[in-house]
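Let's take a walk through this model together, one stop at a time. Have the sequence and the coordinates open as you read.

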Amino acid sequence: MKTSYFGMNHKGEKATMYTFENQDGMVMSVTDFGATLHSLLVPTKEGLLDVVLGYDDPAGYEGPSGTFFGATVGRNANRICKGRFTLGGKTYQLATNNNGNNLHSGLDFWSFRIWQVKEAGENSITFALHSPDGDQGYPGALDMEVTYTLTQDNSVRIHYLGIPQGETIINLTNHSYFNLNGHDSGDILAHTAWVDADAFTRADATSIPTGEITGVAGTPMDFRTPKTVGRDIEEDYEALNFGLGYDHNWCLNNGGKFAKVASLTGDRTGLSLEVYTDLPGVQVYTANFLDREPGKNGVIYCRRAGICFETQNYPDAINHPNFPSPIFKAGETYETTTEFKFF
């Protein structure tokens with residue numbers, strides 16, 4: 001492990017970069033600023049290729065665009081309708097930072113905070129954050145850990161572990177944007193994707209689930225047979241019209257067990273990514289709202305410059321009894337693993 005100075009956040013706190021390299025030469029860089037995955041240099045026939053979008057310093061991540069490049073998102077990823085939910089007979093009101101709804105628990109984002117390094121070794125690092133009772137409007141204090149591991153078989157394993165001190169909602173994700181032709185190579189529309197899901201959660205025009213579980217068969221949302229990301233993305237279909245492309249939660253077929261749930265292959269490099277998780281859902285987002293965003297190394301990221309596989313519980317699950325529950329009681333362990341494997 002190597003450490004380097006990454007910059008200062010808006011509070012004047014120092015951020016540090018931690019870099020790991022495995023026996024194949026794959027390099028993973030993560031920072032205590034937001035427990036963020038900053039870069040992934042993956043071996044290819046043409047040499048090392050950085051396959052995730054990002055910024056050069058904390059100021060970029062804290063900018064107004066709201067991209068969440070590589071971020072650890074919590075306490076609850078994705079959206080909550082009108083930022084409102086009831087738990088234990090009490091109604092809570094969160095910030096409304098996206099079309100009148102709460103997105104990624106805004107506005108005091110976990111991804112803007114400096115996490116503590118609890119443990120670090122040759123191939124992994126554990127970041128820890130204490131979230132007090134009332135943080136971001138949520139009840140119950142929560143001690144959260146996120147561990148990044150670079151394996152010898154070119155996987156990035158992300159392990160989440162949290163224990164609340166009071167009943168609360170917990171639903172974390174990693175918000176990396178992948179481009180397997182390289183983060184500086186343009187759009188991902190010719191990448192080939194596969195998602196092991198028979199259905200998705202239908203959503204309204206503000207991306208809030210209606211509560212309906214909609215089958216993908218016969219729709220542009222069907223990735224059960226691999227296809228290019230761009231093949232159906234401009235189809236006249238409600239979900240695509242509302243999201244300006246893919247930006248929905250797919251209901252995974254893994255039955256709550258750790259399994260391969262998605263894959264992606266770059267059209268120019270032949271580099272492939274497999275996604276593994278034990279979570280019930282994945283938000284596939286095709287960067288529909290990127291608009292000439294200044295990124296790392298002077299790159300300008302345009303629309304659809306990356307694709308996200310945000311493993312998660314279903315969006316707004318707290319307000320839909322038919323969705324998997326995001327509620328964790330005092331002392332109950334929240335533990336989940338997601339892995340991104342490259343070959």
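A residue counts as buried here when its relative accessible area is under 20%, as exposed when that value is over 50%, and as partly exposed in between. Keep in mind that you're looking at a predicted model.

With that cut-off in hand, start at Ser176. Its relative accessible area is 2%, so Ser176 is buried. You'll find Ser176 in the loop that links strand 16 (173-174) to strand 17 (177-178). What does Ser176 touch, once residues up to four places away in sequence are set aside? The answer is Leu37, Val52, Gly70, Ile307, Cys308 and Phe309. Closer by in sequence, the side chain of Ser176 also makes a polar contact of 2.7 Å with the side chain of Asn174.

Now zoom out to the sheet. Nine strands make up an open sheet, and going across you meet them in the order 11-12-13-14-30-24-23-18-21. The pairing is antiparallel. Which strands stand at the edges? Those are strand 11 (116-120) and strand 21 (227-228); each has a single partner strand, so one side of each is left without a neighbour in the sheet.

Within that order, have a look at where strand 14 meets strand 30. Strand 14 covers residues 155-164 and strand 30 covers residues 334-342. The two run antiparallel, and eight bridges join them. If you want one spot to pin down the register, take Leu161, whose bridge partner in strand 30 is Glu335.

Next up, the charged pairs. How many salt bridges does the model hold? The count comes to 15. One to look at is the pair Glu145 and Lys118, where the closest N and O atoms are 2.4 Å apart. Glu145 sits in strand 13 (residues 142-150) and Lys118 in strand 11, so this salt bridge ties together parts that lie 27 residues apart in sequence. Are the two partners buried or exposed? Glu145, at 18% relative accessibility, counts as buried, whereas Lys118, at 53%, counts as exposed.

Another salt bridge brings together the side chains of Arg224 and Asp222, at 2.9 Å from N to O. Here Arg224 is partly exposed, with a relative accessible area of 35%, while Asp222 has 18% relative accessibility and so is buried.

Then there's Arg231 with Asp232, a salt bridge whose closest N and O atoms are 3.2 Å apart. Arg231 counts as exposed at 55% relative accessibility, but Asp232 is buried, with a relative accessible area of 11%. Salt bridges can also share partners, and that is how Asp108, Arg113 and Asp135 are joined into one network.

The last stop is Gly211, which belongs to strand 20 (residues 209-215). At 16% relative accessibility, Gly211 falls under the 20% cut-off and therefore counts as buried. Which residues is Gly211 in contact with, leaving aside neighbours within four places in sequence? They are Arg202, His320, Asn322 and Phe323. For a look at how the chain comes back on itself in space, compare Gly211 with Pro315: the two are 104 residues apart in sequence, and their C-alpha atoms are 9.9 Å apart.

Notes:
Residues numbered from 1 in each chain as written. Predicted model: local features only at pLDDT ≥ 70, side-chain atom pairs only at ≥ 80, totals over all residues. Heavy atoms only, no water. Pairing = 2+ DSSP bridges. Helix = DSSP H or I, 4+ residues; strand = E, 2+ residues; numbered from the N terminus. Buried < 20%, exposed > 50% of the residue type's maximum accessible area, 1.4 Å probe, protein only. Polar contact = N/O pair within 3.5 Å; in protein donor to acceptor, adjacent residues only side chain to side chain. Contact = heavy atoms within 4.5 Å. Salt bridge = Lys/Arg side-chain N within 4 Å of Asp/Glu carboxyl O.
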